[in-house]
Amino acid sequence: MDLSPTAIRRAREKAAERGVSARFEIADALELPRRAVVFDTVIDSAVLHVLDAEDRAKYVAGIASVLRPGGVCHLICFSDRQPGSWGPRRFRADELHAAFGDGWAIDSLTADKFHLNPFHGVHEAHAWLATITRK
Ligand SMILES: C[S@@+](CC[C@H](N)C(=O)[O-])C[C@H]1O[C@@H](n2cnc3c(N)ncnc32)[C@H](O)[C@@H]1O
């Protein structure tokens, strides 16, 4: 899901080009608790790091509401090792631990890299790759 119709259109185009069967929806990830669905897995590709502090807590609670106990959230976000102040928030490891506190177990938190569409002349950025289980 994504709020942006353009993002969803591009995702649908890419899936079709690659012969991948997937459902894409224009939807607000802050409204997850309204959904009467439960998933085994949630993937956050660079969404948490664009949300402000208040929405971040709401978003994490929303993920918990649609993830079964024992289900796993895979998340990638910018890390504080990325220089500059353009673009999304840079997370420290302790901030991710705080965001996924009660009710979650962070199984792994690995320093990784994003490959970006060129942005501010940058093609890749330091990231955290996290695997987080809902207790
Ligand atoms: C950094 S981009 C990542 C896009 C894509 N997931 C990827 O990995 O390339 C952040 C995306 O979060 C989307 N977004 C921001 N707030 C959102 C919300 N409340 N619900 C759904 N998508 C949201 C934006 O529209 C934007 O496409």
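## The pocket

A pocket here is an open set of points on a 1 Å grid, with protein on both sides within 12 Å along at least five of seven lines. In this predicted model, the largest pocket has a volume of about 1,800 Å³. That pocket is also the space the ligand takes, so let's begin with its walls before turning to the ligand itself.

## What lines it

The lining of the largest pocket is made up of 46 residues. Those nearest the pocket centre are Met1, Asp2, Ile43, Ser45 and Val47. Four elements each give two or more residues to this lining: the helices α1 (5–18) and α2 (53–66), and the strands β1 (39–45) and β3 (104–119). Of these, α1 gives the most, with eight residues.

Sorted by class, the lining of the largest pocket comes to 30 nonpolar, 10 charged and six polar residues.

## Around the ligand

Now for the ligand's own shell. There are 13 residues around the ligand, and Asp2, Leu3, Asp28, Ala29 and Ser45 come nearest. By class, the shell holds eight nonpolar residues, three polar ones and two charged ones.

## Polar contacts and burial

Three side chains deserve a closer look. Ser45 places a polar side-chain atom 2.4 Å from an oxygen atom of the ligand, while a polar side-chain atom of Asp2 is 2.6 Å from a ligand oxygen atom. For Asp28, the partner is a nitrogen atom of the ligand, 2.8 Å from an N or O atom in the Asp28 side chain. As for cover, the ligand taken alone exposes 590 Å², and the protein buries 64% of that area.

Notes: Residues are numbered from 1 along each chain as its sequence is written. This is a predicted model: local features need pLDDT of at least 70, side-chain atom pairs count only at pLDDT 80 or more; totals for chains, interfaces and linings use all residues. Side-chain values use heavy atoms; hydrogens and water are left out. A residue is near a molecule or strand if one of its heavy atoms lies within 4 Å of it. A polar contact is a pair of N or O atoms within 3.5 Å; within protein, one must be able to donate a hydrogen and the other to accept it, and residues adjacent in sequence count only if both atoms are side-chain atoms. Accessible areas come from the Shrake-Rupley method with a 1.4 Å probe; for residues, only the protein chains shown count as cover. On a 1 Å grid over the protein atoms alone, a cavity is a set of points where a 1.4 Å probe fits but cannot get out, and a pocket is an open set with protein on both sides within 12 Å along at least five of seven lines; lining residues have an atom within 4 Å of a point. A molecule sits in a cavity or pocket if more than half of its atoms lie within 2 Å of its grid points. Ala, Val, Leu, Ile, Met, Phe, Trp, Tyr, Cys and Pro count as nonpolar, Asp, Glu, Lys and Arg as charged, and the others, Gly among them, as polar. Grid points are joined across faces, edges and corners, and a volume is the space filled by probe spheres set on the points.
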